[in-house]
Amino acid sequence: MNLKKILIYPLAMAMLLVSCQKEATAPVADEQLNPSFNINNGFGNSLAVTQTFDEGFEAGTKTAYAAADVTFGSGSWNLNNALVGTSTSDAKVGSHSVRITATGVLSMNFDVSTGASTVTVKHAVYGSDASSTWGLWMSADGGSTYTQVGSTVTSSSATLATATFTVNTAGTVRFQIRKATGTSIRINIDEFTINSYDSGSGAGGSGGTTGDNTNMLLGNPSGATTSITTSYNNYLYDHTYYIQSYNKDKGEPNWTCWYVGPTSLGSTARQDDFRADTGLPSGWYEVGASSYSGSGFDRGHNCPSADRTSTVAANQATFLMDNMIPQAPNNNQQTWGNLEDYGRSLVTAGNEIYVIMGTYGQGGTGSSGTATTVDGGHVVVPAHVWKIIVVIPNGNGDLSRITTSTRVIAVDTPNINTINSDWTQYITTAKSIETATGYSFFTALPTAVKTALENKVDSGS
């Protein structure tokens, strides 16, 4: 579409716009790419996300821990109880990273005017130092006051790992890294990336205006809200690249919705960084990367990794564990993988799709037999996995272009390992899924269109 492009800013000072390239080869199912990982993940609006900058701390020099300002490629930063590390013991990308000791602070001395959807940070312990904790803090008033973003992170390995923080804040912002563990324990920080506020998906998730390419353009099927007291099992969670109704007690989404268009599919490699989501509300259980280990179930993405290949940040967002469900391996790798591939083939053929996926029931059969929960009871194994895809040709004014003749693909599969690999054997209607779940789909559409789409049975081709 001529008005729907993803732009990437290589550096804040450069502000050079480049368009993403479409992936040349068809992606395959997540678990097929790496059998050691259990699978499945997704998408989101790619309308307005830009990479504001990726600061690698290569341009500056500082050899002492005393507080001082250092100018890097993105601008001036203050390093307090921190220096620029260049030794063989410093974990780093390239030849420099920031080394922080005691309760040191790494601070931006400048604001980013594009807001922030996500921030990613590479981190590790220095040399053979013990584990240490740190947090990301944000200011929206030029550094006068700060609030913590997400949860505290623990660095425990000398190999760089990536922490991703969901910010979803518009306007002017700046950030700090605050080391929380004192004494002489040190950590390294590198590759500090800010991705701009996504004006499209934020609207779809938090009650603002909606527009083309927004993840929740077609409606909120369960009436999810952002209240953590009254909606903790129907919690509206905007991950920028997809939106979901998260269920605290089940440890997984009730449903996840996202958009896929030509600019959603790029050349970014699969990141494979399965990890707990530290952005969940305080006190909520965080499902970990190894929580499904030994269960006989895959880490099944809701919003698939291969649907989010426009940027590294977009792909990384799909590997948060609250984008996963315990999915029978053959369901995930074969039936679901084939359905995901088919959805992307529709996009490469000149369409855009709006997708919602979810689960219902309890109890599935994986490679090790039947189970109702995994992770010590923290995560429910669903009985059914479903998906609804709305298909329209590339264009603008998406809501007005969805009519009673629009193609709708609704699929409802049992979460079992003896499943048929042909997803067309499980075609159903959106109405049947509504009956099973209690949800109401297509609520943003006129009643006559909604009713027609709910009752469509697709041919599968």
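Which residue in strand 14 is the bridge partner of Tyr235? Select Tyr235 and look across to Tyr246, the bridge partner in question.

Before going on, some housekeeping. This is a predicted model, so local features need pLDDT of at least 70 and side-chain atom pairs count only at pLDDT 80 or more, while totals for chains, interfaces and linings use all residues. Residues are numbered from 1 along each chain as its sequence is written, and side-chain values use heavy atoms, with hydrogens and water left out.

**The whole chain**

Color by secondary structure: there are seven helices and 25 strands. These are DSSP runs numbered from the N terminus (helices are H or I, at least four residues; strands are E, at least two). Of the 461 residues in the chain, 58% are buried; buried means under 20% relative accessible area, exposed over 50%, and partly exposed in between, with a 1.4 Å probe and protein chains only. Turn on the surface and you have about 16,100 Å² exposed, 51% of it supplied by carbon and sulfur atoms (Shrake-Rupley areas, 1.4 Å probe; for residues, only the protein chains shown count as cover). Among contacts with a separation of 6 or more, 73% join residues 24 or more positions apart; contact means heavy atoms within 4.5 Å.

**The seven-strand sheet**

Now select strands 13, 14, 15, 18, 23, 24 and 25, which form an open antiparallel sheet in the order 13-14-15-18-23-24-25. Strand 13 and strand 25 are the edges, each pairing on one side only; two strands pair if DSSP finds at least two bridges between them.

Zoom in on strand 13 (residues 235–238). Tyr235 and Tyr237 are buried on one side, Leu236 and Asp238 on the other, so both faces are covered. In a regular strand the side chains alternate between the two faces of the sheet. Strand 13 pairs with strand 14 (residues 243–247) in the antiparallel sense over four bridges. Four residues sit between the strands of this hairpin, and Thr240 takes a positive phi near 70°.

Slide along to strand 23 and strand 24, an antiparallel pair with eight bridges. Here Val385 has Thr413 of strand 24 as its bridge partner.

**Helix 6 on top of the sheet**

Next, select residues 430–437. Helix 6 packs on the sheet, with its direction at about 145° to that of strand 23 (axes are lines fitted to C-alpha atoms, for helices over the stretch in contact; angles run from 0 to 180 degrees between N-to-C directions). Show Ala430, Ile433, Glu434 and Thr437, which are buried. Looking down the axis, the buried residues of helix 6 fall within an arc of 105°, so they line one face; the arc is taken from the directions from the helix axis to the C-beta atoms. Their packing partners include helix 7 (447–454). Just after helix 6, Gly438 has a positive phi of about 85°.

**Toward the C terminus**

Go past helix 7 to Gly460. Buried or exposed? Gly460 counts as buried, because its relative accessibility is 12%. Its touching residues include Tyr342, Arg407 and Trp423. Gly460 and Thr424 are 36 residues apart along the chain, yet their C-alpha atoms are separated by 5.5 Å.

**The cores**

Last stop: the largest nonpolar core has 32 residues, and Trp77, Phe175, Ile189 and Phe192 touch the most other members. A separate second core of 28 residues includes Trp258, Leu339, Ile353 and Ile419. A nonpolar core is a set of buried Ala, Val, Leu, Ile, Met, Phe, Trp, Tyr and Cys residues joined through side-chain atoms within 4.5 Å.

Key. Lists of a residue's contacts leave out its neighbours within four places in sequence.
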